[in-house]
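Subject: Structure handover

Hello,

Here is the structure for you to open. My notes on what turned up follow below it.

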Amino acid sequence: MRNHLDRHLAAVRNLGILAHVDAGKTTVTERILYATGTTHKRGEVHDGTTVTDFDPQERDRGITIFAAAVSCTWDGHRINLIDTPGHVDFADEVERSLRVLDGAVAVFDAVAGVEPQSESVWRQADRHGVPRIAFVNKMDRAGADLDTAVASIRGRLHPAPLVVQLPIGAEDAFTGVVDLLRMRALIWDDGGGAAVDGPVPEELRDEALRRRRLLEEAVAERHPAALEEFCDRETLSAETLTTALRDLTRTGDGVVVLCGSAYRNRGIEPLLDAVVDCLPSPLDVPAVRGMQPGSGARAVSGVQSASGVRATPGVQAESRMHAVSGMHHGADEQRPADPTAPFAALAFKVSATPTGRLTYLRVYSGTIEKGDTVWDATARRTERIGRILRVQADRHAPLERAVAGDIVAVVGLKSARAGSTLCAPDAPLVLEPPGVADPVVSVAVEPPRSVDAERLVSALARLAEEDPSLTVRTDPETGQTVLSGMGELHLEVAVEKIRRSLGLEVNVGRPRVTYRETVGRGVSGLVFRHVKQDGGAGQFAHVVLDVEPLEDGFEFRSTVVGGRVPQEYVRAVEAGCRDALAEGPLGGHTVTGLRVTLTDGATHVKDSSEMAFRTAGRLGLREALRGCVMLLLEPVVEVTVTVPEDAVGGVLGDLAARRGRVTDSEVRGGAAVVTATVPLAELFGYATRLRSRTQGRGTFTARPTGYAPAPTVVTTP
């Protein structure tokens, strides 16, 4: 029985398709479904016939907006695949997907190589420790060059690329590849059928032998067992190469690189073989780690994630703490990928469908069956599993049970959200939820008729439930409902979803960016005394604070000596200072980039309390900030603009007018590629402006790079 369960898990691959927008992720997914016999007709993005881009907006816009899960089989292996968005505005969908995946295929354009968003998703996968293989797509395009693409991967992403194929033919004449492991040629015809296996063409034999030698040397440098065989025999067998490539991929010491043309259905079968051979099964990744709910210490940032990789501190850690706020946690616990272990799963996506509310789960351990009762450790309530579904994008097949390693959707959960932990009621566990990025763009939304106000509020709440990177709040000054997200397109898609799903018209205000405030020059020795006496026990707290600039984030420390402020009161002062960061003195924006030091203080025998010192920390820091030189920070993005060479002058002038700072410019494939850093607020409407300046021939992409000082420096009195 044990061996049977292990064989089942060893034959599972949970992977994602990652790439820059328009690199061909969805087409690769479609060809995988076609090659595995899951579909019998090849879907096309330009025709709106793809399986994974099933949402009407995705088909209208020709891009992936929502992560879509599909399942297929290849060579006796179950492949659970998630096609992720490539547009920067939907990076949070990628983040939630990577949190539950064991491996990934990174798709690159053979002409453009590494593009801005391919770099961003690569870094996201780095943070989660997700092993990857690379697929250089669009080898049939004019200007396609495998070596140039691999050089950009090596230079910009810094992995050790291990190229296992040699293309046969170039650009429009690309017909196949040489498999450098087996030293055989795979040729595809124009009909899109299966590859024909044959000998290496004579004119490519010397080049294939040279590249095979380079591959052997690169593998031997990084793999001890391969090095031993290489030293003994001066060559590596195909079996040793395959084993070493699998080991190097799973440790992250190497990235296997393949090539092809998904549109022409060339290179997909070898890619599937590499997925099976190199990417890990649920048995090959570290056991999931979580915290037992108990009376122990509160969860802290940096807790190890379910993928076994230590998570990044900072904003993500704060959002994770918020997601599990109010819970206390006990000992750290591991759950193996074992169907007989206690059940534990993480919800990573919630979707409202005409047939009900779907909650997507990654099952890490144990087994669930239809009708089971589970414990939602995040909401702290029991839930009943109504139905279990194998997901095929917008189609679903019913299952009787789901076991460790599965990615499924369930119906019947009422409180689960993205990031919720579901577990066995008698073996509770809290898994670390995916991080949620802070929104950077906001718009005011309102219905044209006041009678529709409640419907709009309900629709916005459902949107925020499905997409945690969307937030909804009421502006205290104007009373307007404000929708915030990751970019213009993100908000545009959200509003359009309300219009289409509910038939509800929505008036949308002009986009506004989310500013931050920071300390340009601090203050020292600020004394604040909080005294309140209104009958009964009073409040007394005396603090002395230093405030100084910090590169990023917030840091609190205490240099109080002699026990003048007890430790529990020091923690209360820190909590009060964190409270004060919510509203800065310039415009009520969040404050970041400062270090606060508690240098002295005093207490009262009867009237001092944690509440009093928390109040003193909050009010004291507010007063200190009013005495600092404060800087307004605005979000900035890196923009990559691709235009015809004759339009470069006008584009550069327009970027300068938008306060852009050009950082790079090159000619690539007959077009000029300009990279610049531009304030996000200046990019609203840029797509229309760029099209008009270039007669529709210009395109651009943008990715967030953080915050930078706005032009005005304000000194508060």
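Val219 is a good place to start. Beyond residues up to four places away in sequence, Val219 touches Leu162, Ala226, Leu236, Leu241, Ala244, Leu245 and Leu248. Please keep in mind that this is a predicted model.

Val219 also belongs to the largest nonpolar core, which has 50 residues. Together with Val105 and Ile133, Val219 ranks among those with the most contacts inside that core. Which helix gives this core its largest share? Helix H10, residues 268-278, does, with seven residues. In soluble globular proteins, nonpolar side chains tend to be buried together.

There is a second core, separate from that one. It has 35 residues, including Val443, Leu463, Val678 and Tyr686.

Now the helix pair around Val219. Helix H7 covers residues 202-222, and helix H8 covers residues 224-233. Their axes come within 6 Å and cross at roughly 125°. Angles from 115 to 145 degrees fall outside the parallel, perpendicular and antiparallel classes, so H7 is oblique to H8. The crossing is left-handed.

Who makes the contact? From H7 come Arg213, Glu216, Glu217, Val219, Ala220 and Arg222. From H8 come Pro224, Ala226, Leu227 and Phe230. By class, that contact has six nonpolar residues and four charged ones, with no polar residue. The pair Val219 and Ala226 turns up again here: Ala226 is one of the residues that Val219 touches.

Next, Gly509. It is found in the loop between strand S28 (507-508) and strand S29 (512-513). Is Gly509 buried, exposed or partly exposed? Its relative accessible area is 30%, and buried would need under 20% while exposed would need over 50%. Gly509 is therefore partly exposed.

What does Gly509 contact, leaving aside neighbours within four places in sequence? Val443 and Ala444. Val443 is also listed in the second core. Val482 is another residue to look at: Gly509 and Val482 are 27 residues apart in sequence and 9.3 Å apart in space, C-alpha to C-alpha.

Last, the chain as a whole. It has 17 helices and 39 strands. Of its 717 residues, 55% count as buried. Among contacts with a separation of 6 or more, 73% come from residues 24 or more positions apart.

Best wishes

Key
Residues are numbered from 1 along each chain as its sequence is written. This is a predicted model: local features need pLDDT of at least 70, side-chain atom pairs count only at pLDDT 80 or more; totals for chains, interfaces and linings use all residues. Side-chain values use heavy atoms; hydrogens and water are left out. Axes are lines fitted to C-alpha atoms, for helices over the stretch in contact, and angles run from 0 to 180 degrees between N-to-C directions. Helices (H or I, at least four residues) and strands (E, at least two) are DSSP runs, numbered from the N terminus. Angles under 35 degrees count as roughly parallel, over 145 as roughly antiparallel, 65 to 115 as roughly perpendicular and the rest as oblique. A crossing is left-handed if the near helix is turned anticlockwise from the far one by less than a right angle, and right-handed if clockwise. Contact means heavy atoms within 4.5 Å. Ala, Val, Leu, Ile, Met, Phe, Trp, Tyr, Cys and Pro count as nonpolar, Asp, Glu, Lys and Arg as charged, and the others, Gly among them, as polar. A nonpolar core is a set of buried Ala, Val, Leu, Ile, Met, Phe, Trp, Tyr and Cys residues joined through side-chain atoms within 4.5 Å. Buried means under 20% relative accessible area, exposed over 50%, partly exposed in between (1.4 Å probe, protein chains only).
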